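Here are some notes for a first look at this structure. Please keep the sequence and the 3D view open while reading.

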Amino acid sequence: MMPLLSDTRPARTVHPPLQILWRDDDLVAVYKPAGWLVHRTGLDAGETRFVMQVLRDQLGQRVYPVHRLDKGTCGVLVMGLHADAARVLSQAFEHHRVEKRYLALVRGHAPAGIRVDHALRPDDAPPHAPVQPARTELRCLARVELPEASDTRFPTTRAALVEALPETGRRHQIRRHLKHIAHPILGDATHGKGPLNRWWAERLGLQRLWLHAWQLTLPHPATGQRLVLPSGLRHPLLDGNSRQMATEPAASAEAAGSTALREAALAGAPVPGEADRAVAADLFDWQLRVLSLPWVVCQAGDAANA
């Protein structure tokens, strides 16, 4: 009798489902956790977490990417559910009809408001390649100053919570523009400062890129109706009222202004489970580690110092 042979094939990695923020017949919006890639790439061959593959298996149908988020960025990501919707959505992004709102934790006391108009050359382009127009509106939401020195030249350490609204969509645009004005995003290994990143990682208890895709507003590909897609990150610093901090998923049709769209979103809302826990953990990182710092709200006209 021949001995039984063990199966030496590597086990397939099973990832938790993605949190669905919105779903109808034309598009789906999901919460992309930090550390996930949107799709496979040879530049990160060791990664196994891909939004496109997991979402395709989760929904049981093909999905079409229309924009991207960096691996380290968390928050709202939209995909088309058929080719026509993907084409219309891609054109909306290309022609700047999509409003993108991000949150970033940055070095120093950022200015109360500034518009960065600084052309960028693609990251992987040769030095002689032409630059491309790139514009980002930046607004300081709050500042913090800790009574500890991250640099021997200064007795304290400063940071700011910044809202970024990119008008164009160049790769790493927000990260590069914040570096350009000397307020790099904390945790940015490419455009930030290593010693400062490590200092903040020790204080916050986590090493990561502190950039969050907070909200997308776009025209619906079928109706043209304005659709607002929030990530679910809530805090008085962000919305200007006294709502209690929350880690539950966002109301899927919040501010969408359409009963039909709200019902469609609710129909696609996930059952509480692994997806909700994964998103809650990511939002919890922002709320517990970042938004709980002793912030002072920025006022118009405030002077900014590095």
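1. Start with the disulfide. Cys140 is joined to Cys298, with 2.1 Å from S to S. Cys140 belongs to strand E7 (residues 135-146). Cys298 lies in the segment after strand E11 (296-297). The bond therefore ties together parts that are 158 residues apart in sequence. Bear in mind that this is a predicted model.

2. How many disulfides does a search of the whole structure find? It finds one. Both of its partners, Cys140 and Cys298, are buried. Another cysteine, Cys74, counts as buried because its relative accessibility is 0%, and the cut-off for buried is under 20%.

3. Next, the aromatic pairs. The count comes to two. One is formed by Trp199 and Trp200, and it is edge-to-face. The ring centres are 5.2 Å apart, with 80 degrees between the planes. Are these two residues buried or exposed? Trp199 has 8% relative accessibility, so it counts as buried. Trp200 has 2%, so it counts as buried too.

4. Trp210 and Trp286 also form an edge-to-face pair. Here the distance is 5.3 Å centre to centre, and the planes stand at 85 degrees. Trp210 sits in the loop between helix H4 (194-204) and strand E9 (211-219). Trp286 is in helix H7 (residues 274-290). The pair thus ties together parts that are 76 residues apart in sequence. Both Trp210 and Trp286 are buried.

5. Trp210 has a further partner. The charged end of Arg208 sits over the ring of Trp210, 4.7 Å from its centre. A similar arrangement involves Trp214: the charged end of Arg101 sits over the ring of Trp214, at 4.6 Å from the centre.

6. Now the nonpolar cores. In soluble globular proteins, nonpolar side chains tend to be buried together. The largest nonpolar core in this model holds 44 residues. Which residues have the most contacts inside it? They are Trp200 and Trp295. Trp200 is also the partner of Trp199 in the edge-to-face pair of point 3.

7. Look at what surrounds Trp295. Neighbours within four places in sequence are left aside here. Trp295 is then in contact with Leu105, Ala142, Arg143, Val144, Ala159, Ala160, Leu161, Leu237 and Val290.

8. Apart from the largest core lies another, of 34 residues. Its members include Ile20, Trp36, Leu69 and Met79.

Definitions and conventions
Residues are numbered from 1 along each chain as its sequence is written. This is a predicted model: local features need pLDDT of at least 70, side-chain atom pairs count only at pLDDT 80 or more; totals for chains, interfaces and linings use all residues. Side-chain values use heavy atoms; hydrogens and water are left out. Rings of Phe, Tyr and Trp (its six-membered ring) pair if their centres lie within 6.5 Å; planes under 30 degrees apart count as stacked, over 60 as edge-to-face and the rest as tilted. Buried means under 20% relative accessible area, exposed over 50%, partly exposed in between (1.4 Å probe, protein chains only). Helices (H or I, at least four residues) and strands (E, at least two) are DSSP runs, numbered from the N terminus. A charge sits over a ring if NZ of Lys or CZ of Arg is within 6 Å of the ring centre and within 35 degrees of the ring normal. A nonpolar core is a set of buried Ala, Val, Leu, Ile, Met, Phe, Trp, Tyr and Cys residues joined through side-chain atoms within 4.5 Å. Contact means heavy atoms within 4.5 Å. A disulfide is a pair of cysteine sulfur atoms within 2.5 Å.
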